[in-house]
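Dear colleague,

I am passing on the structure we spoke about, together with some notes on its interior. Please have it open as you read.

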Amino acid sequence: MKQTIVLGNIITMDEKRPTAKAALVKDGVFAYIGDAEAVKKLACADAQVLDYGENFIYPGFLESHCHCYLAGDRAIGQANLAKVIPTDYDKYREIISDFIKKNPQREFYLAAGWTENDEYVSKAYLDEICSDKPLFMQTGGGHSMLLNTKAMEWAGIDAAYAKKMGYDLVHVDENGEPDGYICEAPVFEVYPKLPTTLENAKDYLLAWQDMALANGYTAVADAGTEVTNEIAVQAFYELEQEGKLKLRTYAYLMCPDNPEDPKAEVARIAATRAKYSGEYFHVVGVKTFLDGVTEAHTGWQNQDYADQPGYHGNERFNDHDKMVELITAADAEGLPVHVHSEGGGATHFMLGCIEDAEKITGDMDQRNVLAHLHFVTDEDIRRMGATRSIPAVPPLWTAKIPGFYEIEESYVGKELAENSYPIKSFFDAGACTVFHSDYPVSPSISIRNSIYMAETRNAPKTLGIETLPLNVKEAITREQSLRALTINVAYAWHQEHRLGSIEFGKIANMTVYDCDFLHDDIEKVAQANLVATIVDGEEVYKA
């Protein structure tokens with residue numbers, strides 16, 4: 001039996017014993033939490049010692065909504081435009097051209113991190129950069145894409161396709177021909193078809209694993225594992241068989257919009273769970289999209305867009321009866337439903353479906369997840385708590401970014417814009433609130449910044465961008481932030497008996513920082529340094 005003694009200032013997130021000075025780990029599981037002298041008496045003579053001195057040891061941090069394959073792909077397989085803020089098409093051209101020059105062997109090229117602005121670009125822009133191979137340019141959020149002529153030919157995007165999908169989603173020129181811009185459903189048709197290999201997919205997932213561990217995360221939820229490429233599930237499975245996975249991944253598998261047979265979709269996902277799930281990759285639920293995003297005018301709002309009267313956004317999965325059937329069938333399989341719900345109209349729709357599903361099943365512990373929650377009414381916040389649904393909120397998005405905020409206000413009006421991204425209200429309603437980064441759809445994944453921004457509703461100076469605080473009445477306490485990064489996330493995955501706190505019998509995952517997140521000055525939090533990441537009692541990352 002392998003034994004490890006862990007020493008330091010331990011914050012357990014266990015209400016019965018909130019702090020300790022030492023822990024004993026046996027075969028990757030906590031066997032004792034308490035004081036150092038007792039641990040030394042209990043441990044065998046050859047026990048490994050991890051002494052972190054005056055640093056602070058937390059339960060391994062957990063990410064409730066990210067995209068693993070996409071994160072790895074963007075890290076090593078794409079041209080990165082996200083570092084260009086604000087939008088600069090000349091700089092984009094330089095970055096893409098440089099990537100093409102360094103990767104002449106590729107069959108196609110993809111650039112991601114594009115931020116749309118008032119300057120409209122079409123396929124001609126990309127044709128000037130690359131005309132002989134398919135070139136795709138995707139927004140950071142992933143809901144919009146620009147294609148060059150070769151890419152459109154490869155994807156089969158023509159006038160007939162534009163007419164079928166609708167001109168809001170496939171833009172056309174004055175002659176009725178697609179001009180290269182697509183958004184929402186067409187993007188999610190095109191992206192998974194981009195050619196790759198199983199070995200490429202494994203490389204992407206391992207690159208992401210290294211990145212997540214180096215940021216202090218020990219387990220993550222992949223919100224739609226196959227949304228970017230169906231090969232990802234097989235890649236995860238084979239990596240686990242090869243013993244290469246350290247980062248636990250809890251996967252929600254995709255269900256299409258308004259499927260013909262929701263029960264069949266659940267049966268397919270349950271069969272995939274049975275075939276591919278293991279200790280480090282495990283299918284835990286169903287993922288689907290209700291809407292798009294406000295910045296692309298596709299978030300499903302409770303009211304019309306201020307600048308587009310008569311239009312309230314893109315309703316993707318909007319069939320009430322089918323959603324109720326999906327939730328009910330998923331619940332029978334022990335699979336919560338995890339939805340992309342950005343606009344207030346989408347959230348209102350989903351909560352009504354959950355309420356009706358709970359009447360059918362009698363199960364008030366389904367733990368369905370609603371992610372993003374840009375705008376939510378007070379009524380729907382109360383309903384979130386009453387249905388015991390899980391609000392997955394993005395503290396990293398809460399600051400007012402000059403330029404971006406004014407555009408948002410012009411889309412939805414000042415009152416909504418000023419009251420965006422509630423967090424405290426969810427806690428007050430009794431909902432088990434969790435944090436998410438939506439990385440790499442959102443360009444940052446950071447524990448320290450999440451805690452900082454949840455308290456200040458502003459970005460720290462360390463980010464190097466000028467922002468202002470927004471909707472400060474929704475600020476929360478440090479302890480609430482830590483719960484939203486640990487035990488609450490474990491609860492959402494039905495893993496609270498194994499993860500999320502430092503307790504006897506739980507998996508010995510820990511994250512070590514040089515900062516007391518509960519008591520240090522908030523500006524010190526913004527400068528906190530990761531010391532180590534520990535999985536199954538073993539250091540997997542050390543600064």
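Please bear in mind throughout that this is a predicted model. I begin with its empty spaces, then go on to the packing, the aromatic rings and a few individual residues.

The lining of the second largest pocket is made up of 10 nonpolar, two polar and seven charged residues. The space in this pocket comes to about 490 Å³, and among its 19 lining residues P192, E226, V227, E230 and M254 are the closest to the centre. Four elements each contribute at least two residues to the lining, namely helix 7 (185–190), helix 9 (231–241), strand 13 (248–254) and helix 10 (262–276).

As for enclosed space, four cavities of 30 Å³ or more turn up when the whole structure is searched. The largest cavity holds about 160 Å³ and has 17 lining residues, with H67, G141, F188, F289 and V441 nearest its centre; by character the lining consists of six nonpolar, nine polar and two charged residues. The second largest cavity, with a volume of about 50 Å³, is lined by P59, G60, L62, T218, L499, G500, S501, I507 and N509, and this lining includes four nonpolar and five polar residues but no charged ones.

Turning to the packing, the largest nonpolar core has 89 residues, and the members that touch the most others are F61, W208, M323, M350 and F517. Another core lies apart from it and has 43 residues, including L110, L146, A162 and V190. Within the largest core, M323 may be a useful residue to display, and once residues up to four places away in sequence are set aside, M323 touches T288, L290, F317, V339, F349, M350 and C353.

Two helices can be described by how far they are covered. Helix 2 (residues 68–76) is largely enclosed by the rest of the structure, because seven of its nine residues are buried; these are C68, Y69, L70, A71, G72, D73 and R74. Helix 18 (residues 478–485) is mostly covered, with six of its eight residues buried, and the buried ones are R478, Q480, S481, L482, A484 and L485.

The aromatic rings deserve a separate look, and the count of aromatic pairs comes to 21. The pair of F136 and W154 is edge-to-face, because the ring centres are 5.8 Å apart and the planes stand at 85 degrees, above the cut-off of 60 degrees for that class. This pair links distant parts of the chain, 18 residues apart, since F136 belongs to strand 8 (residues 135–139) and W154 to helix 5 (residues 149–155). The two partners are covered to unlike degrees: F136 counts as buried, at 1% relative accessibility, whereas W154 is partly exposed, with a relative accessible area of 38%.

F188 and F289 form a tilted pair, with 4.8 Å from centre to centre and 45 degrees between the planes. Because F188 lies in helix 7 and F289 in strand 14 (residues 281–289), the pair ties together parts that are 101 residues apart in sequence. F289 has a relative accessibility of 4% and therefore counts as buried, the limit being under 20%. Both F188 and F289 have already appeared among the residues nearest the centre of the largest cavity. There is also an aromatic cluster formed by Y58, F61, Y513 and F517, of which F61 and F517 were named above among the residues of the largest core that touch the most other members.

Lastly, two loop residues may help you to find your way around. T433 sits in the loop between helix 16 (424–428) and strand 18 (434–435), and with a relative accessibility of 0% it counts as buried. Beyond its neighbours within four places in sequence, T433 is in contact with P391, V393, F426, F427, A484 and N488, and A484 is one of the buried residues of helix 18. E174, by contrast, is exposed, with a relative accessible area of 73%, and is found in the loop between strand 10 (170–172) and strand 11 (178–183). The C-alpha atoms of E174 and P402 are separated by 34 Å, and the two residues are 228 apart along the chain.

With best regards

Terms used:
Residues numbered from 1 in each chain as written. Predicted model: local features only at pLDDT ≥ 70, side-chain atom pairs only at ≥ 80, totals over all residues. Heavy atoms only, no water. 1 Å grid on protein atoms, 1.4 Å probe; cavity = no way out; pocket = protein on both sides within 12 Å on 5 of 7 lines; lining within 4 Å. Points joined across faces, edges and corners; volume = space filled by probe spheres on them. Nonpolar A, V, L, I, M, F, W, Y, C, P; charged D, E, K, R; others polar. Core = buried A, V, L, I, M, F, W, Y, C linked by side-chain atoms within 4.5 Å. Buried < 20%, exposed > 50% of the residue type's maximum accessible area, 1.4 Å probe, protein only. Contact = heavy atoms within 4.5 Å. Phe/Tyr/Trp six-rings, centres within 6.5 Å; stacked < 30°, edge-to-face > 60°.
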